[in-house]
Amino acid sequence: MKIYEKAPAKINLMLDVLRKREDGFHEVEMVMTMVDLADRLEMEELPRDTIIISSQAGYIPLDEKNLAFQAAKLIKERYDVRKGVYIHLDKHIPVAAGLAGGSSDAAAALRGLNRLWQLNIPQEELLKLGAELGSDVPFCVTGGTAIARGRGEQLEQIINPPQCWVILAKPPINVSTADVYGNFKVDRINKHPSLANMVQAIEQQSFADICTHLGNVLEDVTLPMHPEVLQLKEAMIRLGADGVLMSGSGPTVFGLVSKESKVARIYNGLRGFCKEVYAVRMLT
Ligand SMILES: C[C@](O)(CO)[C@H](O)COP(=O)(O)OP(=O)(O)OC[C@H]1O[C@@H](n2ccc(N)nc2=O)[C@H](O)[C@@H]1O
Ligand SMILES: Nc1ncnc2c1ncn2[C@@H]1O[C@H](COP(=O)(O)OP(=O)(O)OP(=O)(O)O)[C@@H](O)[C@H]1O
């Protein structure tokens, strides 16, 4: 039997860092949602007790460094599954982009293997397993739109934002999440975005207010390190996006656009100097 799972990319509509914790992680307050740009996982049981990962993308690890491999290993160990699995990752989400591609693959593997092996693991438990794999994985398990606290694993689901277009542009640079958090200094932040304002904007389904309250304190670290991210933000604003922000630790920049008539102009304008541009819908 083969089963399939979609692993969508996430964006952070708002990301604030409150403090560094004793365990080295940072206490965050975020609002996360999913966009319609997704990897697709194909999972098939193997007669041998082994985990095999393949992908058409030549630039991701296929061994135990792959987050989908780690998810399969964790579930096998915890639930004493003595069966093997073959997982094919059809990658579409750019890698190391701030879009949680690896985390979403891990979450999709947890959901998929729960079905494939008929384990009936409750969602609460999948969330805990996800948190062992990475801070963004629990949100990727649930999807939708959520407030995330703690190191990102404490989730509160809220309603989805109103439908709109999301233009994603990734400059050709690699940004390490660990480096960005490592260089973050909470006392150097000029302006913290407001969780309350963003949540209210979403609850009122006000696209304009969502655009006004977009904010990500990690821009204060990534933008000075990589001026091309700021240039992309400026270009998106100039081309007419209604709201523009860096996602996660970057370097992908997203622009929210309400009018379909504007999308082609912004997309084509960005394609002039950035190879990786996507025009997708918010996943609602
Ligand atoms: C930037 C975001 O993607 C926003 O959604 C997340 O906060 C990061 O999520 P992630 O990539 O799943 O992060 P993890 O794989 O758990 O951690 C990667 C690195 O980022 C640092 N990290 C991560 C999350 C957090 N709340 N504080 C941190 O300091 C960790 O020290 C670690 O060295
Ligand atoms: N299934 C996977 N897909 C993509 N990258 C993976 C995967 N498994 C492991 N990796 C590794 O994880 C690293 C981060 O890739 P990923 O695409 O998850 O980053 P990201 O979008 O910045 O994530 P986040 O937003 O959660 O910080 C890369 O260096 C990549 O080699």
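Biologist: Which is Asp136, buried or exposed?

Modeller: Buried means 20 or more other C-beta atoms within 10 Å of the residue's own, exposed means 12 or fewer, partly exposed is in between, and C-beta atoms are placed from the backbone. Asp136 has 30 C-beta neighbours inside 10 Å, so Asp136 counts as buried.

Biologist: Before we go on, a word on the model. It is predicted: local features need pLDDT of at least 70, side-chain atom pairs count only at pLDDT 80 or more, and totals for chains, interfaces and linings use all residues. Residues are numbered from 1 along each chain as its sequence is written, while chains are lettered from A and ligands numbered from 1 in the order in which they are written. Now, where is Asp136 placed?

Modeller: Helices (DSSP H or I, at least four residues) and strands (E, at least two) are numbered from the N terminus. Asp136 is in neither kind of run, but in a loop. That loop lies between α3 (123-133) and α4 (137-142).

Biologist: Which residues carry the UniProt feature "active site"?

Modeller: The record is an unreviewed entry. Its positions use the numbering here, feature names are shortened, and annotations may be inferred rather than shown by experiment. The feature is placed at Lys10 and Asp136.

Biologist: What is the largest C-alpha distance between them?

Modeller: They are spread over 127 residues of sequence. In space they cluster. The largest C-alpha distance is 9.0 Å.

Biologist: Which residues does Asp136 touch, not counting those up to four places away in sequence?

Modeller: Contact needs C-beta atoms, placed from the backbone, within 7 Å. Lys10, the other position in the record, is in strand β1 (residues 2-20) and is buried, with 29 other C-beta atoms within 10 Å. Asp136 touches Lys10, Ala100, Ser103 and Gly152.

Biologist: What domains does the chain have?

Modeller: The bounds come from an automatic or database domain assignment. The centres, taken over C-alpha atoms, are 23 Å apart. The assignment gives domain 1 (2-158) and domain 2 (165-281).

Biologist: Which element gives the most to the side of domain 1 that touches domain 2?

Modeller: The contact takes 24 residues from domain 1 and 33 residues from domain 2. On the domain 1 side, β1, β2 and β5 (145-149) each give two or more. With nine residues, the top giver is β1.

Biologist: Where does ligand 2 lie?

Modeller: Its shell holds 21 residues, near meaning a C-beta atom, placed from the backbone, within 6 Å. Leu67, Ala100, Gly101, Gly102 and Asp105 come nearest. Domain 1 and domain 2 both give residues to this shell, so ligand 2 lies between them.

Biologist: Which element gives the largest share of that shell around ligand 2?

Modeller: Two elements give two or more residues: α1 (67-78) and α2 (101-116). The largest share is four residues, and it comes from α2.

Biologist: How many residues surround ligand 1?

Modeller: The closest are Gly134, Ser135, Ala178, Tyr181 and Gly248. Each domain gives at least three residues to this shell. The residues around ligand 1 number 19.

Biologist: What radius of gyration does the chain have?

Modeller: The radius is taken over C-alpha atoms, and the globule rule is 2.2 Å times the number of residues to the power 0.38. With 284 residues, a compact globule would be near 19 Å. The chain agrees, with 19 Å.

Conventions:
Two residues are in contact if their C-beta atoms, placed from the backbone, lie within 7 Å.
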